[in-house]
Amino acid sequence: MESLRYLEDVSTLILNEDFCIGCGLCTQVCPHSVFELRNTKAKLVDIDACIECGACVNNCPTNAIEVNPGVG
Ligand code: SF4
Ligand code: SF4
């Protein structure tokens, strides 16, 4: 999402792919298309678009995502 960039290299978003079960919820709830599902795993495809809203963290059933809102 090139039109709504936040700051470069400051997002605290972390994805632990080992915990990901590929449910796809993070791809559905993220307002900035930070995630894509590839080969049954979520991938961070645009971390600099993350606004640290926490929606992905709140919806991930396996706690595979971490973010520290307000830091970035
Ligand atoms: S914190 Fe919000 S903007 Fe960042 S990846 Fe998660 S849902 Fe998307
Ligand atoms: S919500 Fe969690 S388990 Fe589901 S695809 Fe995203 S990271 Fe993986």
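In the predicted model, the largest nonpolar core comprises 15 residues. Within this core, C26, F35, C56 and I65 have the most contacts. In general, nonpolar side chains of soluble globular proteins tend to be buried together. With residues up to four places away in sequence left aside, C26 is in contact with F35, A42, C56, N59, C60 and I65. The contacts of C26 thus include F35, C56 and I65, each of which is also listed with C26 among the core residues with the most contacts.

The protein contains 2 helices and 4 strands, arranged from the N terminus in the order β-α-β-β-α-β. Of its 72 residues, 22% are buried. Contacts between residues at least 6 apart in sequence were also examined; 57% of these connect residues at least 24 apart.

Strands β2 (residues 35-38) and β3 (residues 41-44) run antiparallel and are joined by 4 bridges. R38 has K41 of β3 as its bridge partner. The hairpin formed by β2 and β3 has 2 residues between the strands, and N39 adopts a positive phi near 55° in this hairpin.

Two ligand sites were analysed. Around ligand 1 there are 14 residues, of which C30, V34, C50, C53 and C56 come nearest. The shell of ligand 1 consists of 11 nonpolar, 2 polar and 1 charged residues. Ligand 2 is likewise surrounded by 14 residues, and those that come nearest are C20, C23, C26, A42 and C60. In the shell of ligand 2, 10 residues are nonpolar and 4 are polar, with no charged residue. The core and the ligand shells have residues in common: C56, one of the core residues with the most contacts, is among those nearest to ligand 1, while C26, another of these core residues, is among those nearest to ligand 2. A42 and C60, both in contact with C26, are also among the residues nearest to ligand 2.

T62 lies in the loop between α2 (55-59) and β4 (65-66). This residue is classed as exposed because it has 12 C-beta neighbours inside 10 Å, the limit for that class being 12 or fewer. Apart from residues up to four places away in sequence, T62 touches F19, C20 and I21. One of these partners, C20, is among the residues nearest to ligand 2. The C-alpha atom of T62 is separated by 10.0 Å from that of D18, which is 44 residues away along the chain.

Note on methods. Residues numbered from 1 in each chain as written. Chains lettered and ligands numbered in written order. Predicted model: local features only at pLDDT ≥ 70, side-chain atom pairs only at ≥ 80, totals over all residues. Near = placed C-beta within 6 Å. Nonpolar A, V, L, I, M, F, W, Y, C, P; charged D, E, K, R; others polar. Pairing = 2+ DSSP bridges. Buried ≥ 20, exposed ≤ 12 C-beta atoms within 10 Å, placed from the backbone. Contact = placed C-beta atoms within 7 Å. Core = buried A, V, L, I, M, F, W, Y, C linked by C-beta atoms within 7 Å.
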